[in-house]
Amino acid sequence: MKIINADFLYTPNGYVQNQAVAFTEIIKDIGTLEALVERYPDAKVIQTEPHSILYPGFINTHVHLEFSANKTSLVYGSFKPWLDSVIDHRDELIGACTNEMMLDSCTKMMRSGITTFGAVSSFGNELEVCEKTPQRVVFFNELIGSNAMYADMLYGDFQERVRASQSCDKSSRIIPAIAIHSPYSVHPILLQKAVNVAKKHKMPLSAHFLESQAEREWLESSTGALKAFFLKYFNTSTTVTNIKEFMHAFDTYPTHFIHCVQATEDELNYLAQKGHTIAHCPRSNRYLGCGRLAIEDLSLPFTVATDGLSSNDSLNIFDELKAAIMLHNDIHIQELSEKLLRAVTGDAADILGLNCGKIEVDRLADFAIVTLPEAPQRTDELALWSILHTKEVSEVYIEGEKYV
């Protein structure tokens with residue numbers, strides 16, 4: 001048994017003082033340090049640095065590790081030129097992305113307090129790395145393929161990758177999951193099969209959706225910037241589905257939709273009615289010129305995620321939260337900061353069905369300790385100061401073990 005004591009605890013009910021946490025691999029008790037020491041006299045007491053806040057470990061719900069080699073290869077500024085550059089440089093970037101490089105990306109995430117992340121995998125190459133990293137990984141086996149001629153082959157490969165993630169040892173903290181690449185790149189027959197697999201095994205399910213205006217134009221009328229892309233690479237001039245048909249495919253299973261920047265109010269309300277959620281990637285959306293998700297108007301829960309280094313400059317969760325503060329300038333800064341921290345802790349855990357993300361008894365003992373540069377003058381600004389003054393956290397615990 002261990003007892004950790006910080007100046008503040010971040011709980012589902014807000015920040016509290018004069019409270020410590022007793023834990024093994026799970027949180028056993030919460031109370032004053034004196035009371036916990038009396039109840040657990042043999043416990044090791046851990047005193048954090050002055051001006052520290054004990055947070056649950058942060059959760060980054062959507063990451064592409066396979067592009068960790070990208071620095072200046074891909075074109076930013078607009079979605080279609082970026083997509084062309086991904087096709088042009090995909091093989092060389094994936095070839096240059098070694099296991100060591102991906103593991104380094106995981107370590108950097110952990111140093112920003114990320115104890116759980118959702119890894120979206122197109123080929124399964126990241127599985128070995130995700131088994132080695134200490135973090136908990138929701139491993140999203142991604143399905144892609146819009147050509148019916150290759151549907152059986154693509155689905156067979158997808159099934160093999162799902163089975164591989166299911167066979168991981170429990171100690172690796174791998175949680176098998178399923179991802180749909182996008183409405184324009186997955187045939188409706190394949191899509192329905194994948195949704196059925198998620199339902200059967202009760203796996204987390206995600207899908208890229210309405211990231212760009214180009215995607216919206218293509219799905220609505222088979223026109224716009226993506227028309228030339230599909231003619232060039234797939235010899236087709238018509239989309240395999242439309243927005244409404246794609247949304248209805250998920251009606252019976254809650255799904256974490258990625259981006260949704262170009263979704264209308266009616267579409268967002270429909271997703272909310274069906275119990276779906278959104279992963280908001282502010283820097284990726286800005287770098288690819290996709291627009292801004294109006295989180296102030298959302299009627300459904302959302303997380304904040306970094307996306308991959310194919311459309312970002314870091315996987316640091318605090319970099320992402322700072323960018324969100326700047327992007328959503330119409331929301332009061334204190335209110336926004338609190339909302340963003342909930343999005344990467346308790347809300348993210350609830351959305352992915354994880355027993356972490358909150359400082360509560362019987363939750364997994366995943367902690368990230370933020371140390372402020374001086375004593376805060378007002379507790380109602382702790383969320384803001386945590387975001388603004390943090391690049392790396394002071395300590396990280398995963399299931400009770402210290403890793404940073």
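Student: Which residues of strand β10 cover one side, and which the other?

Tutor: In this predicted model, local features need pLDDT of at least 70 and side-chain atom pairs count only at pLDDT 80 or more, whereas totals for chains, interfaces and linings use all residues. Residues are numbered from 1 along each chain as its sequence is written, and side-chain values use heavy atoms, with hydrogens and water left out. In a regular strand the side chains alternate between the two faces of the sheet. Both faces of β10 are buried (under 20% relative accessible area with a 1.4 Å probe, protein chains only; exposed is over 50%, partly exposed in between): one side holds R136, V138, F140 and E142, the other V137, F139, N141 and L143.

Student: How many residues of β10 are buried?

Tutor: Strands here are DSSP runs of E with at least two residues, and helices are runs of H or I with at least four, each numbered from the N terminus. β10 spans residues 136–143 and is mostly covered. Of its eight residues, the number buried is eight.

Student: Which residue of β11 stands opposite F140?

Tutor: Two strands pair if DSSP finds at least two bridges between them. β10 runs parallel to β11 (residues 174–180), and seven bridges join them. The residue of β11 opposite F140 is A177.

Student: What is the handedness of the crossover from β10 to β11?

Tutor: The chain leaves β10, passes through helix α5 (residues 151–166) and enters β11. With the strands pointing away from the viewer, a clockwise path from the first strand over the helix to the second counts as right-handed. This β-α-β crossover is right-handed.

Student: Which residue of β10 does V120 stand opposite?

Tutor: Strand β9 (residues 114–121) pairs with β10 in the parallel sense over six bridges. Within β10, the residue opposite V120 is F140.

Student: Is S121 buried or exposed?

Tutor: S121 is found in strand β9. Neighbours within four places in sequence aside, S121 is in contact (heavy atoms within 4.5 Å) with E126, F139, F140, N141, E142 and R161. With a relative accessible area of 1%, S121 is buried.

Student: Are helices α2 and α8 roughly parallel or roughly antiparallel?

Tutor: Axes are lines fitted to C-alpha atoms, for helices over the stretch in contact, and angles run from 0 to 180 degrees between N-to-C directions. The axes of α2 (residues 79–96) and α8 (residues 225–234) come within 10 Å and cross at roughly 20°. Angles under 35 degrees count as roughly parallel, over 145 as roughly antiparallel, 65 to 115 as roughly perpendicular and the rest as oblique. The two helices, α2 and α8, are therefore roughly parallel.

Student: Which residues of α8 meet α2?

Tutor: From α2, the residues involved are K80, L83, D84, I87 and D88. Their partners in α8 are A225, L226, F229 and Y233.

Student: Which strands stand at the edges of the four-stranded sheet?

Tutor: The sheet is open, with the order β5-β4-β1-β6 and mixed pairing. Each edge strand has a single partner, so one side of it is left without a neighbour in the sheet. The edge strands are β5 (27–31) and β6 (44–47).

Student: What is the C-alpha to C-alpha separation of A207 and I180?

Tutor: A207 is found in strand β12 (residues 205–209) and is buried, with a relative accessible area of 0%. Residues in contact with A207 include I180, F246 and F250. A207 and I180 are 27 residues apart in sequence, and their C-alpha separation in space is 4.5 Å.
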